[in-house]
Amino acid sequence: MSSTETRPVELVCSGDECPDGVQVLTAREVPLGGPRAMTVRRTLPNRERSFVGAWCFVDHYGPDDVAQTGGMDVPPHPHTGLQTVSWLFTGEIEHRDSGGVHDMVRPGEVNLMTGARGICHSEVSTPATSILHGVQLWVVLPQADRDLPRDFQHFAAPEVEVAPGARVRVFMGSLAGQSSPVRTQTPLLGAEVRLASGTTWTVPVDPAHEHAVLVDYGDVTFCDEPVPQHALGIVGTGRGELTLRADTDARLLLLGGEPFDEQIVMWWNFIGRDHDDIATMRADWEAESERFGQVTGYEGKTARLPAPALPGSTLRPRGRLGR
């Protein structure tokens, strides 16, 4: 999925930079690029925080009636320095990339695409889709892995009842006795959690990780802090367990990972380390360089998304807390 901007979101925080409390980021609406733009709710990145672990981008969309919105049709567009993680609640998306992969994104089945030095891909909701609802996530790659080859992984995560009223699908990492085989370059956790109304669930986690919950629906409290629908609640390291409470039926994503302490420049669909990195990536994409390859089989009206113009000022690196 193609990014478009990085304006800040509202911030609610318990404590100075939330060392002991819960940071709550509310989403802003962002139109995706392309001829059939769809609107998503974005909570990461923002000026106050760049990462949760190595998770650096959180878009949440739907449920959208495709007959009304036109669905998703994102022409071939590039990525560098990251992995894309696609997860659906409802609907189906056709994925094609320049690594030669043609696959589907379906509910409960994660697709992870590695675009280190360069990859491009297209995403189109299928004719069988009437309601489209899901998330698009990005993971930043460490500097040491920025030249990894193109790669793609797919995993159908089983839904398991792990406690009374609590069901999970672990699509990345390990949680509550469930594990995913998906390989990542930094330690990460990704899981869909469904809670029945009235459920309180306390789950052990790695205290070396930061954690966040993205609420899809329901009245959810995360570590004693209410997190509104579509918002992202974040806690820092040092917690050996997390407590989730649902006052209504609820669904959320639980994300986590070791703090990512490198500085990056994230602009459009590129992640680099300085302005010159980004300028080179943009020039390579506009020149249709083999750095990104070609997507075959995409039949939309626009053959590829052009890169926007670079800003007039120098792009500056940002760290984990947006500085």
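**Group meeting talk: a walk through one predicted model**

Let's start with one residue: Arg28 has a relative accessibility of 8%, so it counts as buried. Before I go on, please keep in mind that this is a predicted model. Okay, back to the arginine. Arg28 belongs to strand β3, residues 28–31. And what does the side chain of Arg28 reach? It gets to the backbone oxygen of Pro45, at 3.3 Å.

So let's hop over to Pro45. You'll find Pro45 in the loop between β4 and β5. The bond between Leu44 and Pro45 is a cis peptide bond, with omega at about 0°. There's a second one to look at: Gly62 and Pro63 are also joined by a cis peptide bond, again with omega about 0°. Pro63, though, sits in strand β5. Why point these out? Because most peptide bonds are trans, and most residues other than glycine have a negative phi.

That second half brings me to phi. Cys223 isn't a glycine, yet its phi is positive, about 50°. Right beside it in the numbering, Asp224 isn't a glycine either, and its phi is positive too, about 75°. Cys223 is in the loop between β21 (220–222) and β22 (225–227), and Asp224 is in the loop between β21 and β22 as well. Now, are they buried or exposed? Cys223 has 12% relative accessibility, so it counts as buried. Asp224 has 71%, so it counts as exposed.

Next up, strand β11, residues 119–125. How many of its seven residues are buried? Seven of the seven, so we can call this strand mostly covered. Here's a bit of background: in a regular strand the side chains alternate between the two faces of the sheet. Now look at β11 itself. Ile119, His121, Glu123 and Ser125 point one way, while Cys120, Ser122 and Val124 point the other way, and all of them are buried.

Who does β11 pair with? One partner is β6: the two run antiparallel and five bridges join them. As an example, His79 has Ile119 in β11 as its bridge partner. Another partner is β8, residues 93–97, also antiparallel to β11 and also joined to it by five bridges. There, His95 has Glu123 in β11 as its bridge partner.

While we're on β6, which covers residues 73–79, have a look at Val74 in that strand. Val74 is buried, at a relative accessible area of 2%. In sequence, Val74 and His121 are 47 residues apart; in space, their C-alphas are 8.7 Å apart.

Now a helix. α2 runs over residues 275–286, which is 12 residues, and from first C-alpha to last it spans 17 Å, close to the expected 16 Å. At its start, a side-chain oxygen of Asp274 comes to within 3.2 Å of the backbone nitrogen of Asp276. Just past the other end, Glu288 takes a positive phi of about 55°. Which residues of α2 are buried? His275, Asp277, Ile278, Met281, Asp284 and Trp285. These buried residues pack against β6, β11, β26 and β27, so two strands we've just met turn up again here.

Last topic: aromatic rings. A pair of rings is described by the distance of the centres and the angle of the planes. In this model there are eight aromatic pairs. Take Phe51 and Phe260: the ring centres are 5.2 Å apart and the planes are at 80°, so this pair is edge-to-face. Phe51 lies in the loop between β4 (39–44) and β5 (55–65), and Phe260 in the loop between β25 (250–257) and β26 (265–267), so the pair ties together parts that are 209 residues apart in sequence. Both of these phenylalanines are buried.

There's also one aromatic cluster made of Trp267, Trp268, Phe270, Trp285 and Phe292. You'll remember Trp285 as one of the buried residues of α2. Trp285 has a charged visitor, too: the charged end of Arg304 sits over its ring, 3.7 Å from the centre. A similar arrangement involves Phe89, where the charged end of Arg251 sits over the ring, 4.1 Å from its centre.

That's my tour, thanks for listening!

How values were computed. Residues numbered from 1 in each chain as written. Predicted model: local features only at pLDDT ≥ 70, side-chain atom pairs only at ≥ 80, totals over all residues. Heavy atoms only, no water. Phe/Tyr/Trp six-rings, centres within 6.5 Å; stacked < 30°, edge-to-face > 60°. Helix = DSSP H or I, 4+ residues; strand = E, 2+ residues; numbered from the N terminus. Buried < 20%, exposed > 50% of the residue type's maximum accessible area, 1.4 Å probe, protein only. Lys NZ or Arg CZ within 6 Å of the ring centre and 35° of its normal. Expected span 1.5 Å × (residues − 1). Contact = heavy atoms within 4.5 Å. Polar contact = N/O pair within 3.5 Å; in protein donor to acceptor, adjacent residues only side chain to side chain. Pairing = 2+ DSSP bridges.
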